[in-house]
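Let's take a walk through this structure together, moving from its charged pairs to its strands and then to the parts that call for caution. Keep the 3D view open as you read.

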Amino acid sequence: MARLAVLVAAAVLAFLTATEVAAKKWTVGDNKFWNPNINYTIWAQDKHFYLDDWLYFVYERNQYNVIEVNETNYISCNPNNPIANWSRGAGRDLVHLNVTRHYYLISGNGGGCYGGMKLAVLVEKPPPPPAAAPIKNSATRTFTLSGFASQFVIPVAVFAAVGTMGDAVLRMW
């Protein structure tokens, strides 16, 4: 039983200390989508694009597309020699931002780029998680878990919850 309690406590600690930043799916242009006569520089200016985010392009598939080009071709709206063609034919395309760098995306069909269908984003590493606030609760104690070199400060309520979960598991058996 003591071993189970230590394992459950370690699992709870791992869960409580784990921080994960969820990737975001950005609909390019929001409810205006990927269309001409929209300033995508303004659309992107107050947004932060992080590693593993996604850009979701919605557009008329027979008129436009989504291609990635270098900065020079982005500035001149030149669709020749694209880095990648993200169009899959349905007019609903995803670009995975899986490298921290600049992405230059244009519509190379139908004069879309000249009509404003161009988007440049800088993908950054996610910011570090905020530091945990110090525990200011009189119901905290310092426990040393055998097998661990350091001490952990854990609210007594966590141990009470772990004990309750352990009792429930044992009752099911």
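K47 is buried, because its relative accessible area of 17% falls under the 20% cut-off. Its salt-bridge partner is D46, with the closest N and O atoms 3.4 Å apart. D46 itself counts as exposed, at 62% relative accessibility. So this bridge joins a buried lysine to an exposed aspartate. Please bear in mind as you look at such details that this is a predicted model.

How many salt bridges does the structure hold? There are two. The other one brings together the side chains of E68 and R101, at 2.8 Å from N to O. This pair links distant parts of the chain, 33 residues apart: E68 belongs to strand β4 (residues 67–68), while R101 sits in the loop between β6 and β7 (102–106). E68 is buried, with a relative accessible area of 2%, whereas R101 is partly exposed at 31%.

Here are both bridges side by side.

| Salt bridge | N to O distance | Relative accessible areas |
|---|---|---|
| K47 with D46 | 3.4 Å | K47 17%, D46 62% |
| E68 with R101 | 2.8 Å | E68 2%, R101 31% |

Now for the strands. An open sheet is built from three of them in the order β1-β3-β6, and its pairing is mixed. Which strands stand at the edges? They are β1 (25–27) and β6; each has a single partner strand, so one side of each is left without a neighbour in the sheet. On average, neighbouring strands here are turned by 25° against each other, with direction ignored.

Strand β3 (residues 53–58) pairs with β6 in the antiparallel sense, over six bridges. You can follow this pairing residue by residue: Y56 stands opposite L94, and V58 stands opposite R92. Strand β6 also has two faces, a covered one with D93, V95 and L97 and an uncovered one with R92, L94 and H96.

L94 is a good residue to centre the view on. It lies in strand β6, which spans residues 92–97. Is L94 buried, exposed or something in between? L94 is partly exposed, because its relative accessible area of 38% lies between the 20% and 50% limits. Leaving aside residues up to four places away in sequence, L94 touches K25, W54, L55, Y56 and W86. Y56, the residue opposite L94 in the pairing, is thus also among the residues in contact with L94. W26 offers another view of how the chain folds back: its C-alpha atom is separated from that of L94 by 9.4 Å, with the two positions 68 residues apart along the chain.

Other strands pair too. Strand β2 (residues 49–50) runs parallel to strand β8 (residues 118–124), and two bridges join them. In this pairing Y50 stands opposite E124. Strand β8 also pairs with β7, this time in the antiparallel sense and over five bridges. There, Y104 has A120 as its bridge partner.

Stepping back, the protein chain has four helices and 10 strands. Read from the N terminus, the elements run α-β-α-β-β-β-α-β-β-β-β-β-β-α. The chain counts 173 residues, of which 29% are buried. Among contacts between residues at least 6 apart in sequence, 64% join residues at least 24 apart. The chain exposes about 11,300 Å², and carbon and sulfur atoms supply 57% of that area.

Finally, a word on confidence. The chain averages a pLDDT of 77, and 66% of the residues score at least 70. Where does pLDDT stay under 50? One stretch is residues 4–19, for which the model has 13 contacts beyond four places in sequence. Another is residues 147–173, with 33 such contacts in the model. Where pLDDT is low, the predicted coordinates should not be read in detail.

Methods:
Residues numbered from 1 in each chain as written. Predicted model: local features only at pLDDT ≥ 70, side-chain atom pairs only at ≥ 80, totals over all residues. Heavy atoms only, no water. Buried < 20%, exposed > 50% of the residue type's maximum accessible area, 1.4 Å probe, protein only. Contact = heavy atoms within 4.5 Å. Pairing = 2+ DSSP bridges. Axes fitted to C-alpha atoms, helices over the stretch in contact; angles between N-to-C directions. Areas by Shrake-Rupley, 256 points an atom, 1.4 Å probe, with all protein chains shown as cover. Salt bridge = Lys/Arg side-chain N within 4 Å of Asp/Glu carboxyl O. pLDDT = per-residue confidence, 0-100.
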